[in-house]
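This report describes one protein chain in plain terms. Please keep the sequence and the structure in view while reading.

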Amino acid sequence: MPGGGSAPTFASRRAVKACVQFSECSLCLEPLCRKRVGVTVDTNGQRTCRHFYHFDCLADMVNFGPTDKALACPLCNCVYESVVQLPDPKQDAGKWFHYIDADNSGALSKEEIVDVVRAVCEVDEDDVEQIIDQKFKEWDKDGSHEVDKHEFKVVLAYIFDNLPAAPIMQDVPDVTLPDGLDAWFDHWDTDESGTLEKSELCRALLKTFDLGVKQERIANLQDVVHCVWPLFDPDRSDTITKQEFLMKDGLADTILAGLEVQKMLPDEDEGAA
């Protein structure tokens with residue numbers, strides 16, 4: 001059976017939190033709602049964990065991953081048998097309900113509704129939990145603290161007809177502008193710790209250099225970050241402070257130099273022509 005049982009190199013708690021916070025697929029770091037969404041299931045077609053991914057990213061992991069390991073969720077390592085795409089709820093609301101019922105209880109908790117809204121709707125992350133919290137009592141007619149299949153129709157209508165649209169993330173700060181390096185560092189310090197961890201740096205470089213979402217490229221970037229990390233972490237703290245980031249010939253200067261080199265390179269499409 002094909003599979004990839006180990007989690008990605010930098011799927012730390014901070015990385016998981018960042019992907020959830022920004023509603024991103026943790027395999028490609030792109031917004032979940034922009035592509036087909038998938039989940040992992042067991043042999044009975046039941047969800048194995050609460051995490052959502054792009055269906056195509058999961059399928060690639062299944063089809064091209066190591067064949068000597070069990071399939072496992074990259075974020076929580078829960079073993080699964082296969083992956084399924086979330087169906088169109090307007091065509092099959094029952095199956096959609098089944099696949100977002102992450103704990104297989106036959107009803108939806110408030111948290112399960114929040115999870116799926118983040119996955120399929122382009123909503124303001126600061127508002128989504130407050131919105132669902134306010135509406136949940138209205139949906140939960142019997143006071144069970146869950147929404148059953150009969151109550152679910154109202155929830156479904158609300159999700160697709162009433163939730164406000166908003167950008168998932170702010171634009172990446174331009175490092176070439178005055179104060180751009182400070183803003184770039186703060187933007188990617190997603191846990192506001194005052195430092196950059198490897199997972200945060202990988203996300204930052206992927207977006208800054210517009211490296212795309214191919215799994216092989218992401219894996220290569222993770223390997224590069226791991227190898228060069230000691231050069232930019234002189235105190236061996238396993239984090240990069242802003243002072244270390246801005247020091248002469250440090251990470252900031254390296255990024256600026258890399259962007260200058262990138263400008264001189266032909267586009268991939270041109271190179272392939």
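Which residue in strand 2 does Gly38 stand opposite? In this predicted model, Gly38 stands opposite Tyr53 in strand 2. Gly38 also has a bridge partner in strand 3, namely Gln85.

**The sheet**

Strand 1 covers residues 37–41, and five of its five residues are buried. In a regular strand the side chains alternate between the two faces of the sheet. In strand 1, Val37, Val39 and Val41 point one way, while Gly38 and Thr40 point the other way. Residues on both sides of strand 1 are buried.

Strand 1 pairs with two other strands. With strand 2 (residues 53–54) the pairing is antiparallel and has two bridges. With strand 3 (residues 82–85) the strands again run antiparallel, joined by four bridges. Together they make an open sheet of three strands in the order 2-1-3. Strand 2 and strand 3 stand at the edges and have a single partner strand each, so one side of each is left without a neighbour in the sheet.

**The chain as a whole**

The chain has 273 residues, and 46% of them count as buried. Its secondary structure comes to 12 helices and five strands. Among contacts with a separation of 6 or more, 58% are between residues 24 or more positions apart. The chain exposes about 14700 Å², and carbon and sulfur atoms supply 51% of that area.

**The core**

In soluble globular proteins, nonpolar side chains tend to be buried together. The largest nonpolar core here has 70 residues. Those that touch the most other members are Phe52, Leu86, Ile113, Val117, Phe152, Trp184 and Phe245. Phe152 is one of these. Residues up to four places away in sequence aside, Phe152 touches Ala93, Trp96, Phe97, Ile100, Leu108 and Val147.

**Three residues in helices**

Three residues from helices can be set side by side.

| Residue | Helix | Relative accessibility |
|---|---|---|
| Val155 | helix 6 (residues 149–162) | 1%, buried |
| Leu201 | helix 8 (residues 198–208) | 4%, buried |
| Met264 | helix 11 (residues 251–264) | 67%, exposed |

Why does Val155 count as buried? Its relative accessible area is 1%, and a residue is called buried when this value is under 20%. Apart from neighbours within four places in sequence, Val155 is in contact with Ile113, Trp139 and Val147. The C-alpha atoms of Val155 and Asp140 are separated by 9.7 Å, and the two residues are 15 residues apart along the chain.

Leu201 is buried as well, at 4% relative accessibility. Leaving aside neighbours within four places in sequence, Leu201 is in contact with Trp184, Val225, Trp229 and Leu251. Leu201 and Leu221 are 20 residues apart along the chain, with their C-alpha atoms separated by 10.0 Å.

Is Met264 buried or exposed? Met264 has a relative accessibility of 67% and therefore counts as exposed, since the cut-off for exposed is over 50%. Met264 is part of a nonpolar patch on the surface, which Val261 and Leu265 help to form. Together the three residues of the patch have about 330 Å² of accessible area.

Notes
Residues are numbered from 1 along each chain as its sequence is written. This is a predicted model: local features need pLDDT of at least 70, side-chain atom pairs count only at pLDDT 80 or more; totals for chains, interfaces and linings use all residues. Side-chain values use heavy atoms; hydrogens and water are left out. Buried means under 20% relative accessible area, exposed over 50%, partly exposed in between (1.4 Å probe, protein chains only). Contact means heavy atoms within 4.5 Å. Accessible areas come from the Shrake-Rupley method with a 1.4 Å probe; for residues, only the protein chains shown count as cover. A nonpolar core is a set of buried Ala, Val, Leu, Ile, Met, Phe, Trp, Tyr and Cys residues joined through side-chain atoms within 4.5 Å. Patches are made of residues with over 30% relative accessible area and no salt bridge: like charges are joined within 9 Å, nonpolar side chains (Val, Leu, Ile, Met, Phe, Trp, Tyr) within 5 Å. A salt bridge is a side-chain nitrogen of Lys or Arg within 4 Å of a carboxyl oxygen of Asp or Glu. Two strands pair if DSSP finds at least two bridges between them.
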